[in-house]
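This report describes a single protein chain for a reader who has the sequence and the coordinates at hand. It proceeds from the confidence of the model to the helices, the core and selected residues.

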Amino acid sequence: MTGVDPGLLDDQQLMKELETIHRTRHDTLLHGSNDALRIHNERMAQLEGEYLRRNPRRPVAPGRTREGARERERQPGGA
């Protein structure tokens, strides 16, 4: 494993790690080696998995669901 086990991070540290990995995602995808991208994918999955484990009832914005997306498409000027 690369980095600290996400289960050992406190909530603040976990959020900081998630913010960092999401911020670096695009650059890694465009310019990283295959190994760098693989490691980035694995680490992101570990961190996101831990976040979801800790927050199983996190609020979900209605517009971020399939139903919400369909509703936007039905609106005038929808995507």
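A polar contact is a pair of N or O atoms within 3.5 Å; within protein, one atom must be able to donate a hydrogen and the other to accept it. Such a contact links the side chain of His40 to the backbone oxygen of Ile21, at 3.5 Å.

**Confidence**

The model is predicted. Its mean pLDDT is 92, and 96% of the residues score at least 70. Among the elements, helix α2 has the highest mean pLDDT, 98, whereas helix α3 (residues 66-74) has the lowest, 82.

**Helix α1**

Helix α1 comprises 21 residues, from 11 to 31. The distance from its first C-alpha to its last is 30 Å, close to the 30 Å expected at 1.5 Å a residue. The helix nevertheless bends by about 40° at Arg25. At the N-terminal end of α1, Asp10 acts as a cap, with a side-chain oxygen 3.1 Å from the backbone nitrogen of Gln12.

Which residues of α1 are buried? They are Leu14, Leu18, Ile21 and Thr28. An α-helix has 3.6 residues a turn, so residues three or four places apart point the same way. The cover over the buried residues of α1 includes α2, which spans residues 34-54.

**The nonpolar core**

The largest nonpolar core consists of six residues, namely Leu9, Leu14, Leu18, Ile21, Met44 and Leu47. Two or more of these residues come from each of α1 and α2, and α1 makes the greatest contribution, with three. Leu47, a member of this core, is in contact with Pro6, Leu9, Leu14, Glu17, Leu18 and Ile21, when neighbours within four places in sequence are left aside.

**Residues of helix α2**

His40 belongs to helix α2. Is this residue buried or exposed? Because its relative accessible area is 9%, below the 20% limit, His40 counts as buried. Beyond its neighbours within four places in sequence, His40 is in contact with Ile21, Thr24, Arg25 and Thr28. Among these partners, Ile21 and Thr28 are buried residues of α1, and Arg25 is the site of the bend in that helix.

Arg54 also lies in helix α2. With a relative accessible area of 22%, Arg54 is partly exposed. The side chain of Arg54 forms a polar contact of 2.7 Å with the side chain of Glu50. Residues up to four places away in sequence not being counted, Arg54 touches Pro6, Gly7, Leu9, Asp10, Asp11 and Leu14. One of these, Asp10, is the residue that caps α1, and Leu9 and Leu14 are members of the largest nonpolar core.

Leu52 is a further residue of helix α2. Its relative accessibility of 40% places Leu52 in the partly exposed class.

**Helix α3 and the preceding loop**

Pro59 occupies the loop between α2 and α3. Why does Pro59 count as exposed? The reason is that its relative accessible area is 79%, over the 50% limit.

Gly68 is situated in helix α3, the element with the lowest mean pLDDT. Gly68 is buried, with a relative accessible area of 13%. Apart from residues up to four places away in sequence, Gly68 touches Pro62 and Gly63.

**Separations along the chain and in space**

The following table sets sequence separation beside C-alpha distance for four pairs of residues.

| Pair | Separation in sequence | C-alpha to C-alpha distance |
|---|---|---|
| Pro59 and Thr28 | 31 residues | 29 Å |
| Arg54 and Thr24 | 30 residues | 23 Å |
| Gly68 and Asn55 | 13 residues | 22 Å |
| Leu52 and Gly77 | 25 residues | 34 Å |

Two residues in the table also appear in the contacts of His40, namely Thr24 and Thr28.

Conventions:
Residues numbered from 1 in each chain as written. Predicted model: local features only at pLDDT ≥ 70, side-chain atom pairs only at ≥ 80, totals over all residues. Heavy atoms only, no water. Helix = DSSP H or I, 4+ residues; strand = E, 2+ residues; numbered from the N terminus. Expected span 1.5 Å × (residues − 1). Bend = angle between axes of the 7 residues up to and from the residue. Buried < 20%, exposed > 50% of the residue type's maximum accessible area, 1.4 Å probe, protein only. Contact = heavy atoms within 4.5 Å. pLDDT = per-residue confidence, 0-100. Core = buried A, V, L, I, M, F, W, Y, C linked by side-chain atoms within 4.5 Å.
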